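Hi everyone, thanks for making room for me today. I'd like to walk you through one protein, and I'll try to go slowly enough that nobody gets lost.

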Amino acid sequence: MSDAARIRTLPADVVNRIAAGEVVERPASVVKELVENALDAGARRVQVEVEEGGRRLIRVSDDGHGVSALDMERLFTAHSTSKLSDVDDLLHIGTFGFRGEALASIGAVSRATVRSRVRGEASGHQVACEFGAVSPPRPAASPEGTAVEVRDLFRNVPARLKFLKSPAAEMARVTEVVSRFGISVPDAEFVLVHEGRPVLRFPAGMGRRDRIALAFGRNLKDALLTAEGQGAGVSVECDLAPPAVTRADTTGLLFFLNGRFVRDKALLHAVRQAYADLIFGPRHPVAFVYLSMDPALVDQNVHPAKVEVRFRDSSSVHALVSRTVREALTRADLARPVALAPGTVPEVDGADRERRVREAVADFLARRPRTDPPAGGGLFPSGLAGGGRPAAGGPAGRAVDFLQVRNTYIVLETDRGIEILDQHALHERVLYDRLRARAQAAGPVVQRLLRPVVVELAAPEVEAVLASKEALAAVGVLVEAFGRGAVAVGGIPAALVAADPAEVLLGLLPSLSEEGGPSGEALRARLLSTMACKAAVKAGDPLTREQVADLLRCAEELAHAHTCPHGRPTALRIDYAALERHFERK
Ligand code: ADP
Ligand code: MG
């Protein structure tokens, strides 16, 4: 046997470099590990300074309990931790770190220095590690707390260095990481500085919602809905953006388990499912979900960076989260209040629609309400001068009196303000809910086509369709392979016979590319919303007053009357308070 084939134990520096590949992927992962260490040390103030997106320098300073002179020696030794002493500790982990890998990994691929002074001691120490070579600790001046400096990250691992993106792109990741800590640890102060410029600052007294607004957009602050739920050994709290606020990716969907940011497919799916028929197309909701659970019910040690976890009972966590989010969305008043001051209309998707609605309001305000004849021929109709007419009580207090504007909008007086409805979106919503109730009661009735319709698709689309064959059949769409670059549709839901089968299938494509395969729920929601959209009255269709009244009555009974199944809003509200401010009545 040749020498090369013998089993050898790898030297520690090689082991550390291999481990570094798992723990330290990019500057943002270094920042994550160092901030976690600071928080584990009880820090209340954490400052992160970065140069060149982290490639040149990352410095994390904290006011935690510090590192003793004795411990300094072991900082960069692999599997050295102060946070675990026996195996049982693994079952109830209360700290971010416990594997003792981060500093050893970081020291293996950078020039790292730790400077620290234990709280209450007179002097401090420092220790350095250059690409795996540790130099002995020596006394050094240091404020109380710890500062870890990481320079020239990956200089000795060219493959990693090549894989880094531009400083701006790496900085964006770092900012995401610091934002997450800011949101999950709202009582600590976080400061992020890039090239000497402050990028983000969460002061200690700043609450969670303000931090979310700072990191994810001002428009969220007043729009966030809260929700709470309880399960066996688990409780969940959420800050949820209304369905009208969405993102093209999942960066606005954050999960925290006992304060730790985690990524989990089941949790992601649970929230998506709750929003499924309120959001249109390949957009994603914005939601923050905080789980507290008995650490014994979850394995946190399945991933080197500890971002993935394994729940003992994943399906009950899924059910709890999905139910909690869904209930909050159902309860919420999703009509969008609009601000009247110029330039302060909430920044949400569909700015164009918002503009059209505003024009319609202007149009409305410029006209006399048809339903309100001028009193005694005076200049002001009675309804506009002074107190106004009492609202005619419709079901649940909604006024039955309304104004139709441009055959598109319906303007109503309600308890809280003036509400403007989009007739198409509202009708679509009403139809959708009816179709859905019917579909749930009966399941899909399939109409087989006399001759299958061949639909040409791109190769990945063919793959996606065929891979989802069963899910599609479950909602009444039957597909078969049809050679290269095409599939054959052999049946569609009976309720859609009037539709073009190719269009039905094409309409479902975006749902098929969902991570982890399409959910039956998403496919159903998309089919039903196509059906509802096709059947609903359009903007500009004249409606009789009876038809509008009928529509409003139906809408009263809806749980989600405030968004159409495409997730666009159906209603916009001008609160009386806003009107009063605008007219300087208060
Ligand atoms: P882990 O966090 O898993 O214990 P690390 O490699 O991240 O492993 O850190 C090793 C040890 O160094 C920690 O257990 C802790 O005792 C000490 N340490 C690291 N950073 C700090 C800090 N900022 N303040 C105080 N102690 C620290
Ligand atoms: Mg650590």
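Let me start with a question: which residue has a side chain with an N or O atom 2.8 Å from a nitrogen atom of ligand 1? It's D62. Before I go further, please keep in mind that this is a predicted model, so everything I say is about a prediction.

Back to the ligand. Two backbone contacts go with that side-chain one. A polar backbone atom of L103 is 2.9 Å from an oxygen atom of ligand 1, and a polar backbone atom of A102 is 3.2 Å from an oxygen atom of the ligand. How much of the ligand's accessible area does the protein cover? On its own, ligand 1 has 530 Å² of accessible area, and the protein covers 93% of that.

Who makes up the surroundings? There are 20 residues around ligand 1, and the closest are N37, T81, S82, K83 and G100. Sorted by class, that shell has nine polar, seven nonpolar and four charged residues. Two helices, α2 (27-40) and α4 (102-108), each bring at least two residues to the shell.

Let's stay with α2 for a moment. This helix has 14 residues, and 13 of them are buried. From its first C-alpha to its last, α2 reaches 20 Å, close to the 20 Å expected at 1.5 Å a residue. Right after α2 comes G42, with a positive phi of about 80°.

Now look at G97, in the loop between α3 (69-72) and α4. Is G97 buried or exposed? It counts as buried, because its relative accessibility is 10% and the cut-off for buried is under 20%. Leaving out residues up to four places away in sequence, G97 touches D40, K83 and K306. You heard K83 a minute ago, among the closest residues to ligand 1. T81 is on that list too, and the C-alpha atoms of G97 and T81 are 8.1 Å apart, with their positions 16 residues apart in sequence.

Let's move along the chain to another helix, α9, which runs over residues 314-331. Why do we say its length agrees with what we'd expect? At 1.5 Å a residue, its 18 residues should span 26 Å, and the end C-alpha atoms are indeed 26 Å apart.

Which residues of α9 are buried? They are V317, H318, L320, V321, S322, T324, V325, A328 and L329. As you read those numbers, here's something handy to remember: an α-helix has 3.6 residues a turn, so residues three or four places apart point the same way. And what do the buried residues of α9 pack against? Four strands and a helix: β9 (225-231), β10 (234-240), β15 (287-293), β17 (310-311) and α8 (265-275).

Take T324 as our example from α9. T324 is buried, with a relative accessible area of 5%. Not counting neighbours within four places in sequence, T324 is in contact with A227, E228, G229, V236 and C238.

A few single residues deserve a look as well. F154 has a positive phi of about 65°, even though it isn't a glycine. You'll find F154 in the loop between β6 (145-151) and α5 (158-163), and at 1% relative accessibility it counts as buried. N258 is another residue other than glycine with a positive phi, near 45°. N258 sits in the loop between β12 (253-257) and β13 (260-262), but at 35% relative accessibility this one counts as partly exposed.

One more: D422, in strand β21 (residues 417-422). D422 counts as buried at 8% relative accessibility, and its side chain reaches the backbone nitrogen of A425 at 3.0 Å.

Let me finish with the whole protein. How many helices and strands are there? We have 17 helices and 25 strands. Of the 586 residues, 48% are buried. The accessible surface comes to about 28500 Å², and carbon and sulfur atoms account for 53% of it. Finally, among contacts between residues at least 6 apart in sequence, 69% join residues at least 24 apart.

That's my tour. Thanks for listening, and please ask me anything!

How values were computed
Residues are numbered from 1 along each chain as its sequence is written. Chains are lettered from A and ligands numbered from 1 in the order in which they are written. This is a predicted model: local features need pLDDT of at least 70, side-chain atom pairs count only at pLDDT 80 or more; totals for chains, interfaces and linings use all residues. Side-chain values use heavy atoms; hydrogens and water are left out. A residue is near a molecule or strand if one of its heavy atoms lies within 4 Å of it. A polar contact is a pair of N or O atoms within 3.5 Å; within protein, one must be able to donate a hydrogen and the other to accept it, and residues adjacent in sequence count only if both atoms are side-chain atoms. Accessible areas come from the Shrake-Rupley method with a 1.4 Å probe; for residues, only the protein chains shown count as cover. Ala, Val, Leu, Ile, Met, Phe, Trp, Tyr, Cys and Pro count as nonpolar, Asp, Glu, Lys and Arg as charged, and the others, Gly among them, as polar. Buried means under 20% relative accessible area, exposed over 50%, partly exposed in between (1.4 Å probe, protein chains only). Contact means heavy atoms within 4.5 Å. The expected span of a helix is 1.5 Å times one less than its number of residues.
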